[in-house]
Amino acid sequence: MACGQFGVVLKKLKPYLLVVSLQFGTAGMYIISMVTLNHGMNRFVLIVYRNAAAALFLAPFALVLERTTRPKMTISTFLHIMVLGFLEPIVDQGFTYLGMKYTSASFTSAIMNAVPSVTFVIAVIFRVESVKMKEVRSQAKVIGTLVTFAGAMLMTVYKGPVVDLLWSHKTSSHSSTTTSTDQHWVTGTVFILVGCVAWSCFYVLQSITVKKYPANISLSCLICLVGALQGAVVAVTVERRASAWAVGWDSRLLAPLYSGIIGSGIAYYVQGLVMKTRGPVFVTAFNPLCMIIVSILGSIILAEKLHLGSIIGGVIIVFGLYSVVWGKSKDYCKSSAVPSSPAMKDEAHELPISNGSATNGTKLVIDKNGSDQPSQMQYMTVQK
């Protein structure tokens, strides 16, 4: 009996344990990437190795698990994958790594909380998302987006004094924060915001592509592979030194493997597993935890300076994020409700269970006789 109760409790806690572990894994990726960039590794080379590692990790699972469900490749799908490979691995990761070098890992993770709000704006522009200002949930999403942008702008224009933590004085003599970090803070923030926009565009295009190519692991593997190939062309163009491609038994090897396997491969699976039962809103709601973890680890391991402006701006962004998340949760609940009125049962309806940029959901088709036919329509995000 006790074992049965423990199993029930563990089943309820499983989604929470998975998403918390996911945030710890993502936080580790920020720290390890920052370490290897500080040690002089070229960011384009890191991008190539990271996506190559992710593609190699995902390939066996894609070949085995989706060998019977993988659709045929079309020219339209191929072009979409090429654009996706350029948006996320090249533009997003490239500008994010560059902005991280000019600012800090904790600052970058805080700005990245703005991605859901930026995605909402881009989705509205391309008419993937609808806004009805008379509805409270739409008002919450719009207000949350404006609040998020206000927090990002505050972090850009205002650094404020350094906030001393309990362990700050112990690590201050080994500070890795360079002079260029202070001089190019605004420039670094702009680069990170460019990465945010690219990542948000990736989400919107991915939500369209996955409908044409509903093989999640295969699609993610192909995106990483294309990103690695495109990144190799860019890296060879800007970095001609053979020594820049050398790796050793240090962070130059650990960073690509960790970010590729943990930050991409395992994160894809965990994210999709949780989204399948809890939806995308549940996963997104835990994003600020990554910012807190990175801030703590960054100040201890990297001796990063935590500024007052970053704290205030990060808090504002979190409030904006949860406003957007709340609005999306109401969309999720409304789309999950099955109409029960007799007049509506006379016609066929399609009710999307999950409405998100990259979700794992089910589409319930109800015919005029009232019978239901579930069909899977899966999505998978690329976790940062």
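Tutor: In this predicted model, a patch is made of residues with over 30% relative accessible area and no salt bridge, and nonpolar side chains are joined within 5 Å.

Student: Which residues make the nonpolar surface patch of about 720 Å²?

Tutor: The patch joins nonpolar side chains within 5 Å. Its area is about 720 Å². The residues that make it are Met153, Val157, Tyr158, Leu308, Ile311, Ile312, Val315 and Phe319.

Student: Which element gives the most to the nonpolar patch?

Tutor: Two elements give two or more residues each to the patch, namely helix H6 (136–157) and helix H14 (308–336). Leu308, one of the patch residues, lies in H14. With 5 residues, the element that gives the most is H14.

Student: Is Val157 buried or exposed?

Tutor: Val157 is found in helix H6 and belongs to the nonpolar patch. A residue counts as exposed over 50% relative accessible area. Val157 has 66% relative accessibility, so the term for it is exposed.

Student: What term describes Leu308, with a relative accessible area of 30%?

Tutor: Buried means under 20% and exposed means over 50%, with a further class in between. Leu308 has 30%, so it is partly exposed.

Student: How far apart in space are Val157 and Trp185, C-alpha to C-alpha?

Tutor: In sequence, Val157 and Trp185 are 28 residues apart. In space, their C-alpha to C-alpha distance is 8.8 Å.

Student: How are H3 and H9 oriented to each other?

Tutor: Helix H3 (residues 75–102) and helix H9 (residues 185–212) pack with their axes 8 Å apart, at an angle of about 160°. Angles over 145 degrees fall in one class. H3 is therefore, relative to H9, roughly antiparallel.

Student: What is the handedness of the crossing where H3 passes H9?

Tutor: The two helices pack at an angle of about 160°. The crossing in which H3 passes H9 is left-handed.

Student: Which term fits the orientation of H5 and H6?

Tutor: The axes of helix H5 (residues 115–125) and H6 come within 9 Å and cross at roughly 125°. The crossing is left-handed. An angle from 65 to 115 degrees would count as roughly perpendicular, and one over 145 as roughly antiparallel. The angle of roughly 125° fits neither range, so the term for H5 and H6 is oblique.

Student: Is Ala303 buried or exposed?

Tutor: Ala303 is found in the loop between helix H13 (287–301) and strand S2 (306–307). Ala303 is not a glycine, yet its phi is positive, about 55°. Buried means under 20% relative accessible area. At 9% relative accessibility, Ala303 therefore counts as buried.

Note on methods: Residues are numbered from 1 along each chain as its sequence is written. This is a predicted model: local features need pLDDT of at least 70, side-chain atom pairs count only at pLDDT 80 or more; totals for chains, interfaces and linings use all residues. Side-chain values use heavy atoms; hydrogens and water are left out. Patches are made of residues with over 30% relative accessible area and no salt bridge: like charges are joined within 9 Å, nonpolar side chains (Val, Leu, Ile, Met, Phe, Trp, Tyr) within 5 Å. Accessible areas come from the Shrake-Rupley method with a 1.4 Å probe; for residues, only the protein chains shown count as cover. A salt bridge is a side-chain nitrogen of Lys or Arg within 4 Å of a carboxyl oxygen of Asp or Glu. Helices (H or I, at least four residues) and strands (E, at least two) are DSSP runs, numbered from the N terminus. Buried means under 20% relative accessible area, exposed over 50%, partly exposed in between (1.4 Å probe, protein chains only). Axes are lines fitted to C-alpha atoms, for helices over the stretch in contact, and angles run from 0 to 180 degrees between N-to-C directions. Angles under 35 degrees count as roughly parallel, over 145 as roughly antiparallel, 65 to 115 as roughly perpendicular and the rest as oblique. A crossing is left-handed if the near helix is turned anticlockwise from the far one by less than a right angle, and right-handed if clockwise.
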